[in-house]
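Please open the model in your viewer, with the sequence panel beside it, and keep a selection tool ready. The stops below are meant to be taken in order, each beginning with something to select.

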Amino acid sequence: MPRRPRSPALKIPDNRQIALLIDPDDTWGRSVIQGIASVVRNVLPWSLWIAPRDRQWRLRVPRNWQGDGIIAAIRDEKTAEHVRGLQLPTVNVSYWEQDDPDWYRVRTDDARRAEMAFSHFRERGFRHFAYYGPPSQRYSPSRGERFLEVVEAAGLDCDMFHSRSFSRDKTSIQERTLHWLQQAPRPLAVMAADPHAGVLLTEVCNAVGFRIPEEIAILVADTDELLCNISAPPLSSIVLASEQIGINSVRILEALLAGKRVKSKSLALPPLHVIERQSTEMLAIDDPLFVDALRFIREHAHTGIQVSDVLQAVPLSRRSLEQRFRQLLNCSPADEIRRIKMERVKQLLISTDKTVAQIAGSSGFCSPGQLCFVFKKQIGTTPLEFRRSQRSEN
């Protein structure tokens, strides 16, 4: 009887073992992991250990794990102690205050995030601002500090939600939140630290009858598709460059593993854009005709409208319309039309791969040539150079 041929021995590839201590339970964590995987897949000889956990469900690698590197969202001292004990090249993708001097970091630029939030509110005419960040390990106090700096730099006041207690009991936080809101001026534009804080704030407002966004407008400083969309009302949010954070963390760790020099210990990436939902969908200006005119511009600028089209939609004389815009926005109606069109162009250049011709057609420009001329005049560079610079920065 012929002998059965032996099965070939199982060969385990000699890959780098990389642990991703990043929680995939929210949109941010999944996006960072997706960015990491997009670089590693079919390119680098890495085996990824995604979100390993111990018996207490903490992000931890096994004691006998023979690894080569770590990419982690480190948010507390226990996790930091665990990672330090591994003594491996590490890239931290969180903004933790007690960072280790030996770790490299890729994070969101909090100053640019604050500027984006403030600009979003100012375009809607708000004059009273606040930051809401209940005690949490999910975010750093710097989110609120940067927002405070941006608001005060504009000569305005920013109210901060201060908690005397670090208790995370939900009922206690809700009571303190209610007391804080009752003392605040309205209409109030609030930047919430993250989607969890935003949802908690809407729950308090709904429980006592504060109207959103008429009395309290809420913009979340991060985004989570589930939480932002199921909130009542849905929450406007800032989209971060989460995938780019993952991509850059891989490039840095790859260099460290190869013994190469990395230029900087810290890399800060600007956020991408704001998703406007119902929680900020209003204009805090007590001039119904002006509000109607501004809303018409923001809804139709991309179709190529002129000031004459605005005058047909709103019963105002041209002189009165010009005066209102100068008084309330310090610009002309034509300036606002151009600004809205240009913001749309920049967003499409950053977030899509559409051609300049396609963007021109969907942004109210007569031709790609006209778009390039106006873009160069206003921004100082061509559309494609702008796209390349933004993507290389990210």
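What follows is a tour of a predicted model, going from strands to pockets and then to single residues.

**Strand β5 and its partners**

Begin by selecting residues 104-108, which make up strand β5, and note that this strand is mostly covered, since five of its five residues are buried. Add residues 90-92, strand β4, and you will find two bridges joining β4 to β5, with the two strands running parallel. Valine 91 is the residue to label here, as it stands opposite tyrosine 104 in β5. Now add residues 266-269, strand β11, which pairs with β5 in the parallel sense over four bridges. To see one such bridge, show valine 106 together with its partner in β11, leucine 267. While side chains are displayed, it may help to recall that in a regular strand they alternate between the two faces of the sheet.

**The six-stranded sheet**

Next, select strands β7, β6, β8, β9, β10 and β12, which in that order form an open sheet with mixed pairing. Why do β7 and β12 each have one side without a neighbour in the sheet? β7 (158-160) and β12 (273-275) stand at the edges, and each has a single partner strand, so one side of each is left free of a neighbour in the sheet. Turn the view to look across the strands, where the twist averages 25° from one strand to the next.

Within this sheet, zoom to β8 (residues 188-192) and β9 (residues 216-220), which run parallel and are joined by five bridges. Methionine 191 can serve as a marker, because DSSP bridge pairing places it opposite leucine 219 in β9. Then show helix α6, residues 195-208, which lies across β6 (129-132), β8 and β9 and runs at about 165° to β9.

**The two largest pockets**

Switch to a surface display for this stop; rolling a probe the size of a water molecule over the atoms shows where empty space is left. The largest pocket has a volume of about 1,200 Å³. Of the 35 residues lining that pocket, those to select are His120, Glu123, Val274, Glu343 and Gln347, which are the closest to its centre. Which helix gives the largest share of the lining of the largest pocket? That share, nine residues, comes from α12, while α3 (110-122), β12, α9 (288-300), α12 (333-351) and α15 (383-393) each supply at least two residues. Coloured by class, the lining of the largest pocket shows 13 nonpolar, eight polar and 14 charged residues.

Move on to the second largest pocket, which holds about 930 Å³ of space. Its lining has 43 residues, and the closest to its centre are Ser136, Arg138, Tyr139, Ser140 and Pro141. Here α1 (27-40), β5, α3, α4 (142-153) and α6 each contribute at least two residues to the lining, with α4 giving the most, three residues. By class, the lining of the second largest pocket divides into 16 nonpolar, 13 polar and 14 charged residues.

**Leucine 257**

Select leucine 257, which lies in helix α8 (residues 242-257). Is leucine 257 buried or exposed? At 16% relative accessibility, leucine 257 counts as buried. Setting aside neighbours within four places in sequence, leucine 257 is in contact with Arg16, Ile18, Trp46, Asp68 and Pro89. For a distance to draw, join the C-alpha atoms of leucine 257 and alanine 232, which are 25 residues apart along the chain and separated by 47 Å.

**Backbone details**

The last stop concerns the backbone, where most residues other than glycine have a negative phi, and most peptide bonds are trans. Select arginine 186 and proline 187, whose peptide bond is cis, with omega near 0°; proline 187 sits in the loop between α5 (170-183) and β8. Then go to isoleucine 212 and proline 213, where the peptide bond is cis with omega near 10°, and where proline 213 belongs to the loop between α6 and β9.

Finish in the loop between β2 (46-50) and β3 (69-72), and select alanine 51 there. Alanine 51 has a positive phi of about 50° although it is not a glycine, and it is buried, with a relative accessible area of 14%. Tryptophan 57 also lies in the loop between β2 and β3, and its phi is positive too, near 65°. Tryptophan 57, however, is exposed, with a relative accessible area of 62%.

Notes: Residues numbered from 1 in each chain as written. Predicted model: local features only at pLDDT ≥ 70, side-chain atom pairs only at ≥ 80, totals over all residues. Heavy atoms only, no water. Buried < 20%, exposed > 50% of the residue type's maximum accessible area, 1.4 Å probe, protein only. Axes fitted to C-alpha atoms, helices over the stretch in contact; angles between N-to-C directions. Contact = heavy atoms within 4.5 Å. 1 Å grid on protein atoms, 1.4 Å probe; cavity = no way out; pocket = protein on both sides within 12 Å on 5 of 7 lines; lining within 4 Å. Points joined across faces, edges and corners; volume = space filled by probe spheres on them. Nonpolar A, V, L, I, M, F, W, Y, C, P; charged D, E, K, R; others polar.
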